[in-house]
Protein chains: 2
Amino acid sequence: MNFTFRNPTEILFGKGMITEIGSRVPRAGTVLLLYGGGSIKHNGVYEQVRAALKPRRVVEFGGIEPNPHYETCLKVVELVKKEKVSFILAVGGGSVLDASKFIAAATCFRGRDPWDILRTSGENVKAALPLGTVLTLPATGSEANSSSVISRATTNEKLFFTSGHVFPVFSVLDPTATFSLPKKYIRNGIVDAFVHVMEQYMTRPSDAPLQDRLSESVLQTLVEVGPVTLARPRQYEPRATFMWSATLALNTLLGSGVPQDWGTHMIGHELTAFYGIDHAESLAVVMTGLWRYKMKAKRAKIEQYGRRVWNTRGTEAAIKKTEDFFKSLGMPTRLSAYNIDAEEAAGKISARFAERGSAFGEDGDINADAVFKILRKLK
Amino acid sequence: MNFTFRNPTEILFGKGMITEIGSRVPRAGTVLLLYGGGSIKHNGVYEQVRAALKPRRVVEFGGIEPNPHYETCLKVVELVKKEKVSFILAVGGGSVLDASKFIAAATCFRGRDPWDILRTSGENVKAALPLGTVLTLPATGSEANSSSVISRATTNEKLFFTSGHVFPVFSVLDPTATFSLPKKYIRNGIVDAFVHVMEQYMTRPSDAPLQDRLSESVLQTLVEVGPVTLARPRQYEPRATFMWSATLALNTLLGSGVPQDWGTHMIGHELTAFYGIDHAESLAVVMTGLWRYKMKAKRAKIEQYGRRVWNTRGTEAAIKKTEDFFKSLGMPTRLSAYNIDAEEAAGKISARFAERGSAFGEDGDINADAVFKILRKLK
């Protein structure tokens with residue numbers, strides 16, 4: 001399939017690379033330092049960032065939530081305008097990074113209602129403030145792409161937007177900045193990265209052998225390195241490999257020129273919106289269920305994946321290996337683990353898709369009815 | 001290893017994508033259309049490009065040689081200055097693309113002697129004209145990196161430079177633009193891409209399992225698709241896969257964070273400079289000879305490569321598979337195929353390295369003496 005691929009983000013990878021910010025953030029103007037719950041104040045990252053930003057004028061906003069809230073972002077946009085911020089530095093995980101992208105776009109948005117940025121998936125974004133990132137949680141790939149997911153707390157909506165204007169100018173990936181993360185975050189990050197690859201890979205066969213092999217490279221690396229970095233959080237090499245894998249999982253290279261699914265994410269977002277389970281938890285529940293529903297279309301690819309990544313034969317073995325891998329990381333694969341009633345979830349969530357009239361997946365056939373059938377089996 | 005990675009080039013991939021130039025080249029100013037021997041006038045590419053550039057002012061220069069000459073490039077720089085060119089569109093293979101990068105940098109060069117750009121490997125390049133490319137020969141990867149190799153005919157020198165300022169703004173990769181290429185060019189392109197991966201992969205083990213697997217993905221794809229696209233030049237999918245593989249082979253992703261060799265290229269450049277054999281021909285002769293010389297350091301990696309790409313065990317089997325692969329493409333692996341006396345070549349070329357006092361390779365131990373020992377065995 002024809003494609004365009006562009007990814008201008010400069011990656012600054014390795015121990016001590018936070019200092020490189022100093023030569024990349026413009027010296028003139030005001031920097032917004034954006035972060036989340038404040039963990040960066042306990043792991044040394046905050047001090048390194050503040051030192052690297054000297055002598056620039058810096059204003060701070062801490063308190064971006066997991067699944068960043070639209071309402072919070074709008075508050076930050078007010079701050080940005082009041083303080084005449086000219087560069088945003090997002091320090092944190094995917095939530096902080098996604099928030100920074102929305103804030104950068106909303107600040108320059110000329111439309112009536114900034115929610116339209118999300119309603120149009122970013123089509124109407126014509127400009128954005130420049131932003132850079134320091135990643136402290138490998139998972140979403142937001143550090144090297146132009147997408148952002150924002151939640152509206154008041155309406156339980158979770159929508160995304162994409163725009164070439166919100167690629168980070170640079171992203172610092174220092175594996176040591178992730179050493180102090182709780183195990184649960186690493187578990188989530190591994191699953192998130194794994195499913196990101198799958199959304200771009202696990203479709204119908206598409207005559208793209210190089211893309212297939214690149215995706216399988218990331219999957220296999222996550223399988224090898226995931227359990228190691230979970231068990232030995234302060235060992236540099238496995239953590240570095242995991243961090244780089246999570247970035248490549250969603251820097252848009254793997255999805256170039258091939259059909260993409262993203263059905264697991266669409267359904268998963270609703271599980272998070274309705275029940276508050278973590279993003280990665282929702283993905284681990286939905287993915288293989290969606291595969292089973294789409295078995296006819298995906299069969300050849302599931303078999304190839306099983307053969308090349310797990311050295312198994314057949315679709316059942318490939319699915320079992322995948323679920324066992326998730327479980328080995330301590331990640332449940334069924335709704336019952338969260339005391340969520342599958343019938344109820346299927347009803348609520350399919351109703352929302354029916355209301356929107358949307359259908360998705362690589363064949364555009366995951367509609368409200370399909371969502372119902374997929375979810376009710378995930379008890 | 002710590003690294004920075006940045007590659008802002010927009011890839012426009014697929015049949016018919018030449019029309020996309022129209023929305024990407026600035027409308028104001030003058031475009032230099034740069035090409036080589038004129039084959040683009042026989043395969044329809046020239047007409048497509050001229051149509052896409054309308055209504056801009058365009059000046060043309062045709063006649064960039066294979067292994068583009070410094071002397072020719074300087075003539076084009078004069079033309080560029082006289083015509084006040086503001087954008088360079090390079091249409092052709094690696095030679096035309098490399099020439100366009102040098103011309104773009106030399107036009108803006110403030111130093112006394114533009115040869116200094118090559119003598120300093122690009123360190124003193126502070127600006128360049130913007131450039132775009134339409135690739136008609138998949139091989140060098142120049143379409144998606146910031147490097148360029150230029151030959152000085154009067155002194156038999158072949159040097160490279162790298163600068164972030166000469167990344168193409170965009171590169172069009174239309175597989176159909178390569179359908180009419182002679183088989184020899186495709187053979188050369190496959191080998192060139194294969195060796196590019198090897199220069200970034202075949203070193204000592206370096207605790208970078210994802211980089212290893214990504215490189216192996218490209219190698220394996222070239223092994224699978226190379227013979228197919230050579231035999232069936234007008235079949236779209238294999239040609240498209242080969243074209244994309246050659247780009248990824250040298251867009252600097254595979255070499256990020258790992259030691260790199262480039263010894264095969266350094267020695268190969270001299271074989272081309274002295275004896276006029278094609279770039280890819282020189283690489284196919286030198287590579288496995290260099291592996292044998294560096295066997296102690298490279299053993300583990302050669303074994304891994306043999307196991308994963310060829311499903312063989314041991315270094316000898318891996319080397320044999322590699323040479324057999326080259327031969328199956330019609331590519332010789334010894335100097336005798338070109339009636340070059342190995343002793344003489346070893347003497348001449350090692351003398352040049354002795355004169356420069358240079359040593360290279362991932363361990364910096366490929367000096368004049370090593371070059372002599374490697375080359376004399378390649379009878």
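**Exercise 1. An unusual backbone angle**

In which loop of chain A is A:N67 found? Locate this residue, then inspect its phi.

*Solution.* This is a predicted model. Step 1: go to the loop between strand 3 and helix 2 (70–82) of chain A; A:N67 is found there. Step 2: read the phi of A:N67. The angle is positive, about 50 degrees, although A:N67 is not a glycine. Step 3: set this against the general rule. Most residues other than glycine have a negative phi.

**Exercise 2. Cis peptide bonds**

Find the peptide bond from A:K54 to A:P55 and the bond that joins B:K54 and B:P55. Is the bond from A:K54 to A:P55 cis or trans?

*Solution.* Step 1: take chain A. The bond from A:K54 to A:P55 is cis, with omega near 5 degrees. Step 2: place the proline. A:P55 lies in the loop between helix 1 (45–53) and strand 3 of chain A. Step 3: turn to chain B. B:K54 and B:P55 are joined by a cis peptide bond, with omega about 5 degrees. Step 4: place this proline too. B:P55 is in the loop between helix 1 (45–53) and strand 3 of chain B. Step 5: recall the rule. Most peptide bonds are trans.

**Exercise 3. Trace the sheet**

Write down the strand order of the twelve-stranded sheet. Which strands stand at the edges?

*Solution.* Step 1: start at one end and walk across. The order is 3(A)-2(A)-4(A)-5(A)-8(A)-1(A)-1(B)-8(B)-5(B)-4(B)-2(B)-3(B). The sheet is open, and its pairing is mixed. Step 2: check the ends. Strand 3 (57–62) of chain A and strand 3 (57–62) of chain B each have a single partner strand, so one side of each is left without a neighbour in the sheet. Step 3: add the twist. Neighbouring strands are turned by 25 degrees against each other on average, direction ignored. Step 4: zoom in on one end. In chain B, strand 2 (residues 30–35) and strand 3 run parallel and are joined by six bridges. Here B:L34 stands opposite B:F61. Step 5: examine the junction of the chains. Seven bridges join strand 1 (residues 3–13) of chain A to strand 1 of chain B, and the two run antiparallel. One partnership is A:F3 with B:F13.

**Exercise 4. Symmetry and interface**

What turn lays chain B on chain A? Then describe the side of chain B that touches chain A.

*Solution.* Step 1: superpose the chains. A turn of 180 degrees and a shift of 0.0 Å along the axis give an RMSD of 0.0 Å. That is the relation of a two-fold axis. Step 2: find the C-alpha of chain B nearest the axis. It belongs to B:P8, 1.9 Å away. Step 3: count contacts. 30 residues of chain B are in contact with 30 residues of chain A. Step 4: list the elements of chain B that give two or more residues. They are strand 1 (3–13), helix 6 (209–231) and helix 7 (236–249). Step 5: sort the residues on this side of chain B. There are 13 nonpolar, ten polar and seven charged. Step 6: compare the copies. 100% of the interface residues of chain B are also interface residues in chain A, so the copies meet through the same surface.

**Exercise 5. A helix pair**

Is the crossing of helix 6 and helix 7 of chain B left-handed or right-handed?

*Solution.* Step 1: take the axes. Those of helix 6 and helix 7 of chain B come within 9 Å and cross at roughly 140 degrees. Step 2: assign the hand. The crossing is left-handed. Step 3: name contact residues. Helix 6 of chain B contributes B:L222 and B:V225, among others, and helix 7 of chain B contributes residues including B:F242 and B:L248. Step 4: class the contact. Eight residues are nonpolar, five polar and one charged.

Notes:
Residues numbered from 1 in each chain as written. Chains lettered and ligands numbered in written order. Predicted model: local features only at pLDDT ≥ 70, side-chain atom pairs only at ≥ 80, totals over all residues. Pairing = 2+ DSSP bridges. Helix = DSSP H or I, 4+ residues; strand = E, 2+ residues; numbered from the N terminus. Axes fitted to C-alpha atoms, helices over the stretch in contact; angles between N-to-C directions. Contact = placed C-beta atoms within 7 Å. Nonpolar A, V, L, I, M, F, W, Y, C, P; charged D, E, K, R; others polar. Left-handed = near helix turned anticlockwise from the far one by under 90°. Least-squares fit on C-alpha atoms with pLDDT ≥ 70 in both.
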